[in-house]
Amino acid sequence: MNAFTGTSVESYKQRYINRGRLLVSCPDKQGIVASVSKFLYDHGANIIESNQYSTNPSGGTFFIRIEFEMEELAERKATLEKEFGSIAAVFNMEWKFTRVSELKRTAVFVSKELHCLLELLWEWQSGELMCDLALVISNHEEARSVVESFGIPFYYLPASKDIREEVEKKQLAILQKEEIDVIILARYMQILTSNFVQAHPYQIINIHHSFLPAFVGAKPYHRAYERGVKLIGATSHYVTDDLDEGPIIEQDIERVNHRNQAEDLKKIGRSIERRVLTNAVKWHLEDRVIVHENRTIVFN
């Protein structure tokens, strides 16, 4: 970690040492907000931000994200979680508390195209992407010099469909050893096996170079050009066993026309990919995303 990043991270941790987050999803009914708010009030918490959404107030699912301040949160978090269980049971909640100062340990997977990786590194270096960027894994050597220039460990693990399971065992061992919370596929051009995906449910974020569900799979810009599209886009989503069909976190588009060749579309697309992936990763790191079935609720 370079000196600038280290300073900004420590400053961030100190600033938010007593800041917590609570994410809840449950069947919608009266009294949820009142009960949660009273619980936090009774424990001396001051609510800083609250966002909520219901799929249907009559028989739907309710979601809420709360940020709060509480003195000595680190020491009190275990007690807070234990005592919240009684409220959670009444409303049949799925829930989690997190501490803002506990940065998520993050790994980036990349192949030959480095534009998304570089965007993440720049955002991390500037203090805009608050995570513990622990390592980068690649099936090519192209990224080594730039990654190591940031003081980040780089792992070169050649991969192909013929040795996929063998390589993934090595990758999973590294991820487990480094206690990784989030995996970012920054144009990592390998399909992950079901075993790998299931080991990290809704913790793997991918960038797909098209506006899904259009042009699933390989060479979407070439197929977009052949189809004569007028809009191109990119999609960031959680990885599931179904290729390019995981819950979508973020998307964006730009207009193109008949003058744009396939390579032009690819160039424009890279810019979209960078910002879409970065936004999705930030929202995940900030606990702003709740997965519901094959959709996401994003409190951004």
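This short talk walks through the nonpolar cores, the aromatic pairs, the cysteines and one serine of the structure above.

Before I start, please keep in mind that this is a predicted model, in which local features need pLDDT of at least 70 and side-chain atom pairs count only at pLDDT 80 or more, while totals for chains, interfaces and linings use all residues. Residues are numbered from 1 along each chain as its sequence is written, and side-chain values use heavy atoms, with hydrogens and water left out.

Let me begin with the interior. The largest nonpolar core has 40 residues, and Leu117 and Leu277 touch the most other members; by such a core I mean a set of buried Ala, Val, Leu, Ile, Met, Phe, Trp, Tyr and Cys residues joined through side-chain atoms within 4.5 Å, where buried stands for under 20% relative accessible area, exposed for over 50%, and partly exposed for what lies in between, with a 1.4 Å probe and protein chains only. Helix H9, residues 262-285, gives the most to this core, namely eight residues; helices (H or I, at least four residues) and strands (E, at least two) are DSSP runs, numbered from the N terminus. A second, separate core of 21 residues includes Cys26, Val36, Phe68 and Phe91.

Turning to the rings, a search of the whole structure finds ten aromatic pairs, where rings of Phe, Tyr and Trp (its six-membered ring) pair if their centres lie within 6.5 Å, and planes under 30 degrees apart count as stacked, over 60 as edge-to-face and the rest as tilted. One of them joins Trp95 and Phe97 edge-to-face, at 5.8 Å centre to centre with 75° between the planes; Trp95 is partly exposed at 29%, whereas Phe97 is buried at 6%. Phe109 and Tyr188 are also edge-to-face, at 5.3 Å and 90°. Because Phe109 lies in strand E5 (105-110) and Tyr188 in the loop between strand E8 (182-185) and helix H7 (194-199), this pair ties together parts that are 79 residues apart in sequence.

What about disulfides, and how many does the structure hold? There are zero, taking a disulfide as a pair of cysteine sulfur atoms within 2.5 Å. For Cys131, the closest cysteine sulfur, in Cys116, is 15 Å away, which is too far for a bond.

Finally, Ser8 sits in helix H1, residues 3-15, and counts as buried because its relative accessibility is 18%. Leaving aside neighbours within four places in sequence, Ser8 is in contact (heavy atoms within 4.5 Å) with Gly127 and Met130.
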